[in-house]
Amino acid sequence: MVQTMVLGLIILGLATAVIRWQLQRHRQAANNMADAQLKGDAELARGPLMSCLEAAGYPSGSCTPTPAQAACVPAGVLVFFGGTPPSCTVRLNLSR
């Protein structure tokens with residue numbers, strides 16, 4: 001009787017470990033897919049944004065954009081401008 005209970009607890013523990021492992025694997029795969037989607041979205045936003053900024057004359061003496069240059073930023077994308085000329089930086093921020 002005791003051996004049956006011990007064996008049952010061991011089997012239950014193993015089953016729980018396998019289920020947790022599978023859930024963790026599934027969660028990691030979902031996170032990787034979401035990260036890949038964000039990277040793709042960032043690349044899709046970056047090309048037109050940089051083209052528009054260059055056409056509007058960015059940077060023009062300052063790394064802070066003019067209103068015309070700031071209008072290049074598409075809706076739903078946060079852009080942080082920084083640095084000092086000629087090493088200006090443009091950082092995109094997308095959220096899930």
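Tutor: We start from a cut-off: a disulfide is a pair of cysteine sulfur atoms within 2.5 Å. The model before you is predicted, so local features are taken only at a pLDDT of at least 70 and side-chain atom pairs only at 80 or more, whereas totals for chains, interfaces and linings use all residues. Residues are numbered from 1 along each chain as its sequence is written, and side-chain values use heavy atoms, with hydrogens and water left out.

Student: What does the protein average in pLDDT?

Tutor: The term pLDDT is the predictor's confidence in each residue, from 0 to 100. The protein averages 88, and 98% of the residues score at least 70. By element, the mean is lowest in strand 2, at 88, and highest in helix 1, at 91. Helices (DSSP runs of H or I, at least four residues) and strands (runs of E, at least two) are numbered from the N terminus.

Student: How many disulfides does a search of the whole structure find?

Tutor: As a general idea, a disulfide is a covalent bond between the sulfur atoms of two cysteines. The search of this structure finds two, and, with bonded cysteines counted along the chain, they follow the pattern 1-3, 2-4. In one of them Cys52 is bonded to Cys72, with the sulfur atoms 2.0 Å apart. Because the torsion about that S-S bond is about -65°, the disulfide is left-handed. Cys52 belongs to helix 1 (residues 2–55) and Cys72 to the loop between helix 2 and strand 1 (78–84), so the bond ties together parts that are 20 residues apart in sequence.

Student: Where does the pair Cys63 and Cys88 lie?

Tutor: Cys63 is joined to Cys88 by a disulfide with an S to S distance of 2.0 Å. Cys63 sits in the loop between helix 1 and helix 2 and Cys88 in strand 2 (residues 87–93), so that distant parts of the chain, 25 residues apart, are linked. The torsion about the S-S bond of Cys63 and Cys88 is about -85°, and the disulfide is therefore left-handed.

Student: Is Cys52 buried, partly exposed or exposed?

Tutor: Buried means under 20% relative accessible area, exposed over 50%, and partly exposed in between, computed with a 1.4 Å probe on protein chains only. Cys52, at 31%, is partly exposed, while its partner Cys72, at 11%, counts as buried. In the other disulfide, Cys63 is buried at 6% and Cys88 is partly exposed at 22%.

Student: Which residues make up the largest nonpolar core?

Tutor: In soluble globular proteins, nonpolar side chains tend to be buried together. A nonpolar core is a set of buried Ala, Val, Leu, Ile, Met, Phe, Trp, Tyr and Cys residues joined through side-chain atoms within 4.5 Å. In this structure the largest such core has nine residues: Ala45, Leu49, Leu53, Tyr58, Cys63, Cys72, Val77, Val79 and Leu92. Helix 1 gives the most to this core, with three residues. Tyr58 has contacts (heavy atoms within 4.5 Å) that, beyond four places in sequence, include Leu53, Cys63, Gln69, Phe81 and Cys88.

Student: Is Gln69 buried or exposed?

Tutor: Gln69, a residue of helix 2 (residues 67–70), is buried, with a relative accessible area of 1%. A polar contact is a pair of N or O atoms within 3.5 Å; within protein, one must be able to donate a hydrogen and the other to accept it, and residues adjacent in sequence count only if both atoms are side-chain atoms. The side chain of Gln69 reaches the backbone nitrogen of Thr66 at 2.9 Å, and a polar atom of that side chain lies 3.2 Å from the backbone oxygen of Gly57. Beyond four places in sequence, the residues in contact with Gln69 include Leu53, Ala56, Tyr58 and Thr64.

Student: In which sense do strand 1 and strand 2 pair?

Tutor: Two strands pair if DSSP finds at least two bridges between them. Strand 1 and strand 2 do so in the antiparallel sense, over seven bridges, and they form a hairpin with two residues between them. Val79 stands opposite Leu92, and Phe80 has Arg91 of strand 2 as its bridge partner.

Student: Which residue is joined to Tyr58 by a cis peptide bond?

Tutor: That residue is Pro59, with omega at about -10°, and Pro59 is in the loop between helix 1 and helix 2. The peptide bond from Pro85 to Pro86 is also cis, with omega near 5°, and Pro86 is found in the loop between strand 1 and strand 2.
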